[in-house]
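Work through the exercises below with the model open. Each task is followed by a stepwise solution.

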Amino acid sequence: ETQKETLGFQTEVKQLLNLMIHSLYSNKEIFLRELISNASDAAEKLRFEALSNGELYENDGDLKIHVKYDETAKTVTIEDNGIGMSRDDVVDHLGTIAKSGTANFLSQLTGDKAKDNQLIGQFGVGFYSAFIVANQVDVYTRRAGADVAEGVHWSSKGEGEFTIATVEKAGRGTQIVLHLKDGEEEFANGQRLRTLVRKYSDHISMPVVMQKEAPLGSEDDEEAQAVVEEEETVNSATALWTRNKGDISDEEYGEFYKHISHDFGDALTWGHNRVEGNLEYTSLLYVPENAPYDLWNREAPRGLKLYIQRVFIMDQADQFLPLYLRFIKGVVDSNNLSLNVSREILQQDPSVDKLRSALTKRVLDMLTKLGKNDPEKYRKFWNAFGSVIKEGPAEDYTNRDKITKLLRFASTHEDNPDTLVSLEEYVSRMQEGQEKIYYITAENYNTAKNSPHLEIFRKKGIEVLLMTERVDEWMMSHLFDFDGKSFQDVTKGELELGDADSEEEKKAQEEAAKEAESLVERLKERLEERVSEVRVTHRLTDSPACLVLNAYDMGAQMRQIMEAAGQ
Ligand code: ADP
Ligand code: MG
């Protein structure tokens, strides 16, 4: 070894390591999934780069992942002949966390195990999960195309620092050797490893290869020993989305989700479609169960994994879905794009627009179906991503109707913040002669619910939607009608709630108005410029007075947002 140095992990890595080792202990076997997932990514990256530079294969185009173990030495080894890493790559990828928002993520940790566990899951564990079971990890790697003398040896005990040295490495790619902790010897076992590979990595499109095992009790049998020299592929080694829906179990879909999403949590639902004809593609799109920690970070990576004719092209291809569906994870495999695409070319390719609108429809249909068939799951989805969906009406004019059907709000129908209604439900309950969909926006549920503006509606038994999220008022400025009914903010303008219930009532109202005339005059004088008008109203039943906005005034919520922004 030459040029050996000792470097410290970035502070964030130290924190993450510490946390992971303690809180993911009950789920320690996932280290194998993470390392095989990385090996598979590395092989796919090589295949992509080799499209334009065949030399990178170094006469070995047979991409594979080897899993080995040594019971006596208590080691497990994961080896790939993928893209490999240069010395700089190693320092960057295995010494720091490159993700944006890491510090913010770490600052949210509370010390509460269950909560933190969930957070770490959302963050993703990756390579560092090796230290859950190992007290030393050695990585030997060489970047494809680099000189044999430019191999790199990285070694660490996971305690704050690592060493890095230059070594010779004949084959390209990466070999990761885990020295198991005392008590974790169970992983240096062929049966155990095979079971884990099948459980977690069956869907990996690269073959995961292990040496055959001699049948039990045949240690002295020469023929049986010869078998051990042979290798066998342990997983099914076909890209999951290329298989038939009917042959794929929910567990397999679930594991594949974890592989592509780097999410530790589960998927809530998914849609798998193969489309033939002019536009040919296969898509496998997932709705995560939990929102990622960086859902609101505009720079956070998003998008689908793009394959073209089965070949991996890029991660985070964000051209295929609009921003308000940024939480969707998945794969799109297209036959319409040519293999030598780049992000720039993608921007100009007309098939990309077609794919984008097809995939957007797929997602909206999937969510609509979920709302119909599984309200409980839909509720989970809505809690996690509802406020992102609310960006939809402004962003995506074409699909406005579909998006509007996905919306859910609290309402005066149940007067319960936990019961949400859809616009379809609202409309189905509308009264004879009711022409508008009424809503109120407020800072929180209680303010909305107790607003004096609702009094007349309650009296007449007309349902009002209670909107309490910051985006609501803004969203409503982009929604004009639903099912032919226009939306009406109950705090704005005249209500036109129809005629008084009876002639008698009408008379009473007129009389009341007359009686109040002098009061109105006095109020006008006192309030002067501060209001544009004082009116007698019939919209209140209990409160003496309320503020009403003109039909085109900015709502109270918008005004606060603008004021906060210094406008
Ligand atoms: P992620 O897979 O989400 O990027 P990981 O912590 O699993 O995060 O891996 C960090 C990075 O280390 C990878 O993005 C990759 O650049 C590099 N890496 C890890 N394992 C390998 C490997 N077997 N071959 C090449 N690069 C790897
Ligand atoms: Mg990874």
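**Exercise 1. The ligand shell**

By class, how many nonpolar, polar and charged residues does the shell around ligand 1 have?

Solution. Start with the conventions. This is a predicted model, in which local features need pLDDT of at least 70, side-chain atom pairs count only at pLDDT 80 or more, and totals for chains, interfaces and linings use all residues. Residues are numbered from 1 along each chain as its sequence is written, while chains are lettered from A and ligands numbered from 1 in the order in which they are written.

Step 1. Collect the shell. A residue is near a molecule if its C-beta atom, placed from the backbone, lies within 6 Å of it. Around ligand 1 there are 15 residues. The closest are Asn38, Ala42, His93, Gly126 and Phe127.

Step 2. Sort by class. Ala, Val, Leu, Ile, Met, Phe, Trp, Tyr, Cys and Pro count as nonpolar; Asp, Glu, Lys and Arg count as charged; the others, Gly among them, count as polar. The shell then has five nonpolar, eight polar and two charged residues.

Step 3. Find the main contributor. Helix H2 (residues 30-52) supplies the largest share of the shell, four residues. Helices here are DSSP runs of H or I with at least four residues, strands are runs of E with at least two, and both are numbered from the N terminus.

**Exercise 2. The nine-stranded sheet**

Trace the strand order, then place the helices that lie across the sheet.

Solution. Step 1. Two strands pair if DSSP finds at least two bridges between them. The order is E1-E6-E5-E4-E7-E3-E2-E8-E9, in an open sheet with mixed pairing. Strand E1 (2-8) and strand E9 (231-233) are the edge strands, each pairing on one side only. On average, neighbouring strands are turned by 20° against each other, direction ignored.

Step 2. Check the pairings at E8. Strand E2 (residues 65-70) and strand E8 (residues 208-211) run parallel, joined by two bridges. Isoleucine 65 has valine 208 as its bridge partner. Histidine 66 is bridged to valine 209. On to E9: E8 and E9 run antiparallel over three bridges. Valine 209 has threonine 233 as its partner there.

Step 3. Add the helices. Axes are lines fitted to C-alpha atoms, for helices over the stretch in contact, and angles run from 0 to 180 degrees between N-to-C directions. H2 lies across E2, strand E3 (75-80), strand E7 (173-180) and E8, at about 20° to E3. Helix H7 (residues 190-201) lies across E2 and E8, at about 170° to E8.

**Exercise 3. The six-stranded sheet**

Which strands stand at the edges of this sheet?

Solution. Step 1. Write the order: E16-E15-E18-E17-E20-E19, an open sheet with mixed pairing. Strand E16 (420-421) and strand E19 (481-482) are at the edges with a single partner strand each, so one side of each has no neighbour in the sheet.

Step 2. Inspect one edge. E19 pairs with strand E20 (residues 485-489) in the antiparallel sense, over two bridges. Phenylalanine 482 is bridged to lysine 485.

Step 3. Move inward to isoleucine 437, in strand E17 (residues 436-441). Is isoleucine 437 buried or exposed? A residue is buried if 20 or more other C-beta atoms, placed from the backbone, lie within 10 Å of its own, exposed if 12 or fewer, and partly exposed in between. Isoleucine 437 has 20 such neighbours, so it counts as buried.

Step 4. List its contacts (C-beta atoms within 7 Å). Beyond four places in sequence, isoleucine 437 touches Leu423, Tyr426, Phe482, Lys485, Phe487 and Gln488. The C-alpha atoms of isoleucine 437 and leucine 423 are 8.6 Å apart.

**Exercise 4. Nonpolar cores**

How many residues has the largest nonpolar core?

Solution. Step 1. A nonpolar core is a set of buried Ala, Val, Leu, Ile, Met, Phe, Trp, Tyr and Cys residues joined through C-beta atoms within 7 Å. The largest has 63 residues. Among those with the most contacts inside it are Ile328, Val363 and Ile440. Helix H11 (residues 350-373) gives the most, seven residues.

Step 2. Look for another. A second, separate core has 58 residues, including Ile78 and Ile120.

**Exercise 5. Positive phi**

Where does alanine 237 lie?

Solution. Alanine 237 sits in the loop between E9 and helix H9 (250-261). Its phi is near 55°, positive in a residue other than glycine. With 17 C-beta neighbours inside 10 Å, alanine 237 is partly exposed.

Conventions: Contact = placed C-beta atoms within 7 Å.
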